[in-house]
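Please look through the sequence and the 3D structure shown here, and then follow the paragraphs below, which take up one part after another.

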Amino acid sequence: QVQLVESGGGLVQPGGSLRLSCDASGSIASIYAMAWYRQAPGKQRELVAAITGSGTTKHADSVKGRFTISRDNAKNTVYLQMNSLKPDDTAVYYCNLDYQEASTRVYLEVWGQGTLVTVSS
C-alpha cells in the first residue's frame with residue numbers, strides 16, 4: 001500500500017511564499033508522474049503542476065512564473081514552491097501519484113489527504 005503525506009500548508013499574506021512537500025512511501029516500483037492539484041471552496045479540483053518520472057514539468061497558466069514543481073527521486077518526494085501568492089491561490093492542495101506497484105506491476109493512482117493554503121492579509 002502506498003501513502004502520500006503532505007506538509008507545508010498554512011496561512012500566508014499576499015505576496016508571500018510557501019513550500020509544499022509530498023512524501024510517497026510504500027510498494028512503489030516506479031513513478032510515472034507526481035502532481036499537485038487544488039480545490040477552492042465551491043470550485044472543481046484543478047491541476048496546478050505536474051512532473052514526470054523523467055523530469056518533464058507542466059504548470060497551469062494561472063501559476064506560471066510563480067509556482068515551481070520539483071522532485072527528489074531518491075526520496076520519492078515532490079515539492080511545490082509557491083511565490084507571489086495571491087488570495088485566489090487559497091485552496092486545499094492535493095498531491096497525486098501515478099505509479100507502478102512493486103509486486104503486481106500494475107499502474108495505480110493515489111491521492112494525498114490535502115493541505116490547506118490560505119492567502120489573506
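A polar contact is a pair of N or O atoms within 3.5 Å, where, within protein, one atom must be able to donate a hydrogen and the other to accept it. In this model, which is predicted, the side chain of Gln100 provides an example, reaching the backbone oxygen of Arg105 at 3.2 Å. Gln100 has its place in strand β9, which covers residues 91-101, and because its relative accessibility is 15%, Gln100 counts as buried, the cut-off for that word being under 20%. When residues up to four places away in sequence are not counted, Gln100 touches Ser27, Ile28, Ala29, Ser30, Arg105, Val106 and Tyr107.

Strand β9 also carries one end of a disulfide. Such a link is a covalent bond between the sulfur atoms of two cysteines, and the structure holds one of them. Cys22 and Cys95 form this disulfide, with their sulfur atoms 2.1 Å apart, and with -85° about the S-S bond the link is left-handed. The pair joins distant parts of the chain, since Cys22 lies in strand β3 (residues 18-25) and Cys95 in strand β9, 73 residues apart. Both Cys22 and Cys95 are buried.

Strand β3 leads on to a sheet. Strands of a sheet pair through backbone hydrogen bonds, either parallel or antiparallel. Here an open sheet of four strands follows the order β1-β3-β8-β7, and its pairing is antiparallel. At its edges stand β1 (3-7) and β7 (67-72), each of which pairs on one side only, while the twist from one strand to the next averages 15°. Six bridges join β7 to the antiparallel strand β8, residues 77-82, and Thr68 stands opposite Gln81 in β8.

Notes. Residues numbered from 1 in each chain as written. Predicted model: local features only at pLDDT ≥ 70, side-chain atom pairs only at ≥ 80, totals over all residues. Heavy atoms only, no water. Pairing = 2+ DSSP bridges. Helix = DSSP H or I, 4+ residues; strand = E, 2+ residues; numbered from the N terminus. Axes fitted to C-alpha atoms, helices over the stretch in contact; angles between N-to-C directions. Buried < 20%, exposed > 50% of the residue type's maximum accessible area, 1.4 Å probe, protein only. Contact = heavy atoms within 4.5 Å. Disulfide = S-S within 2.5 Å.
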